[in-house]
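Biologist: I would like to learn how to read a model of this kind, feature by feature. Where do we begin?

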Amino acid sequence: MERLLSLAHAVVSFLIALLAGAFGSVLGIGGGLFIIPSLNLFLGVQLKTAIAASIVAVIATSLGGGHVYVRSGVADIRLGLILALATAPSAVVGAILATHVNARVLAAVFAVVLGASAYRMLASTRAGEPSTGTGHGHAPSRLRFRPSYREPSTGEIVPYSVSRLPLGVGSSTIAGLVSGMLGVGGGIVQVPVMNLLMGVPIKVATTTSTYVIGITAMAGAFVYYNHRPSLVDPALAVPVTIGVFIGASIGSRVLGRVSQRALRNTFTVVLVIYAIQMALRVVGFGQ
Amino acid sequence: MASNSDATVDPRVENDVSASVAISRTLFVGLLVSIAIMLLGLALVAGEGKNAATHVVPLDRVIPDLLHGSRPAVLDSGILVLFATPLVGVVVAFVQFVRRRDAEFSLITVLLLVVLAAGFLVALH
């Protein structure tokens, strides 16, 4: 009986991750925002264990998307490596904080991030993301970044420059902190930092963020792995990782015809519900 | 240092294509290998007729456990290969920058490797 329950647990975790990976890849957000509350609320998985499973899955998501974006030349590896200088150590700090703080504090932070993600998704549905960077008018960095990227859909060469690098690197520490502490990608912070602050086109910002997230999450995941007792539960982390990987791989193909607007609206509602449920946990409702 | 707004593109930057291919290949192969090991581990643990362990084994015990034929250790090693892949990607980026004699980004990549190593040491303690 116990074995059957364990198997059912693994299958449900896999299915949750599969859906999260599929919808996350279409909506351009990491699956962690859905996986962690789903595991916590539906399967009763401890928040810290769910976070550890998610951060392992985030590495797979990053590698799956990152290798395509790096190869196509849309992701800016030079910018990514510099930003990782800030995100990786802050992810370690975030993960250490998560292993030490009360689960209610984590739930509170998670509720805020879910709420912010819902707001951002709603805002981008209404206004659309600024396709080009908005950091122009500031001096470009003196480091040797590439001067343009080739837009894959049109073949057009799009020029851009990276500006306000110190401010961008500094702000990226928040992305690392959020990623390490909550087991999510941190794109909610990283993408606006690159796009709005550093003047990087949105496509370069999202793809570079996908690449950097792998390095960031790996640094944070190691803390969860080495925690005594380890917070990485292989019976959970492995089905979740494989589920997200398969979901992200098939998501854009299977869900490509579904209206982006309808999907965004639906998942905004889901995020708001999860944020409220997490907030209720903070004030003592639920486990 | 040259500005990235210069009209003449630095050939070291223009030549990032082969570096991108090498990094991309590393990330893809690492991902596939780790997923394959995880699937193998799942199959082995399921075949054993026991529940999978609820905690990974400590890092220093993974290889000895693998050598002793521990099936859960296969699952853990799949997770560790996944962890190692972005790190190997950074090492490949470093090699590519060195080959291009790009001192600036070679140094930045070394700095990142040092930062990551420091992070691992902190995590171990």
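Modeller: We begin with one residue: Ile250(A) is found in helix α9 of chain A, which covers residues 234-254. Keep in mind that this is a predicted model.

Biologist: Is Ile250(A) buried, partly exposed or exposed?

Modeller: The relative accessibility of Ile250(A) is 36%, so the residue counts as partly exposed. As for its surroundings, the C-alpha atoms of Ile250(A) and Ser25(A) are separated by 8.9 Å, with the two positions 225 residues apart along the chain.

Biologist: How should I read salt bridges, and how many are there over all chains?

Modeller: Side chains of opposite charge can pair when their charged atoms come close. Here the count over all chains is six salt bridges. One of them joins the side chains of Asp76(A) and Arg146(A), at 3.8 Å from N to O. That pair links distant parts of the chain, 70 residues apart: Asp76(A) is in the loop between α3 (47-72) and α4 (77-100) of chain A, and Arg146(A) is in the loop between α5 (103-127) and β1 (148-150) of chain A. Both Asp76(A) and Arg146(A) are buried.

Biologist: What does Glu151(A) form a salt bridge with?

Modeller: Its partner is Lys203(A), and the closest N and O atoms are 2.9 Å apart. This pair also links distant parts of the chain: Glu151(A) sits in the loop between β1 and β2 (157-159) of chain A, and Lys203(A) sits in helix α8 (residues 202-226) of chain A, 52 residues away. Glu151(A) has 9% relative accessibility and therefore counts as buried, the cut-off being under 20%. Lys203(A), with a relative accessible area of 35%, is partly exposed.

Biologist: Which salt bridge has Glu104(B) and Arg144(A) as its side chains, and why does the pair join two chains?

Modeller: The side chains of Glu104(B) and Arg144(A) meet at 3.4 Å, N to O. Glu104(B) lies in helix α5 (residues 103-124) of chain B and Arg144(A) in the loop between α5 and β1 of chain A, so the pair joins two chains. Glu104(B) is buried, at a relative accessible area of 13%, and Arg144(A) is buried too, at 15%. Arg144(A) also forms a salt bridge with Asp102(B), where the closest N and O atoms are 3.9 Å apart. A network of salt bridges links Arg78(A), Arg144(A), Asp102(B) and Glu104(B).

Biologist: What is the area buried between chain B and chain A?

Modeller: The size of an interface is often given as the accessible area lost when the parts come together. Between chain B and chain A this area is about 5400 Å², and carbon and sulfur atoms give 73% of it. In terms of contacts, 63 residues of chain B meet 53 residues of chain A. The count of salt bridges between chain B and chain A is three.

Biologist: And empty space: what volume does the largest cavity have?

Modeller: Rolling a probe the size of a water molecule over the atoms shows where empty space is left. The count is one cavity of 30 Å³ or more, and the largest cavity has a volume of about 40 Å³.

Biologist: Which residues line the largest cavity?

Modeller: Among them are Thr87(A), Gln190(A), Ser209(A), Val212(A) and Ile213(A). The elements that give two or more residues to this lining are α6 (165-182) and α8 of chain A, and α8(A) gives the most, with four residues. By class, the lining has three nonpolar, seven polar and no charged residues.

Terms used:
Residues numbered from 1 in each chain as written. Chains lettered and ligands numbered in written order. Predicted model: local features only at pLDDT ≥ 70, side-chain atom pairs only at ≥ 80, totals over all residues. Heavy atoms only, no water. Salt bridge = Lys/Arg side-chain N within 4 Å of Asp/Glu carboxyl O. Buried < 20%, exposed > 50% of the residue type's maximum accessible area, 1.4 Å probe, protein only. 1 Å grid on protein atoms, 1.4 Å probe; cavity = no way out; pocket = protein on both sides within 12 Å on 5 of 7 lines; lining within 4 Å. Points joined across faces, edges and corners; volume = space filled by probe spheres on them. Nonpolar A, V, L, I, M, F, W, Y, C, P; charged D, E, K, R; others polar. Contact = heavy atoms within 4.5 Å. Buried area = accessible area lost by both parts, 1.4 Å probe.
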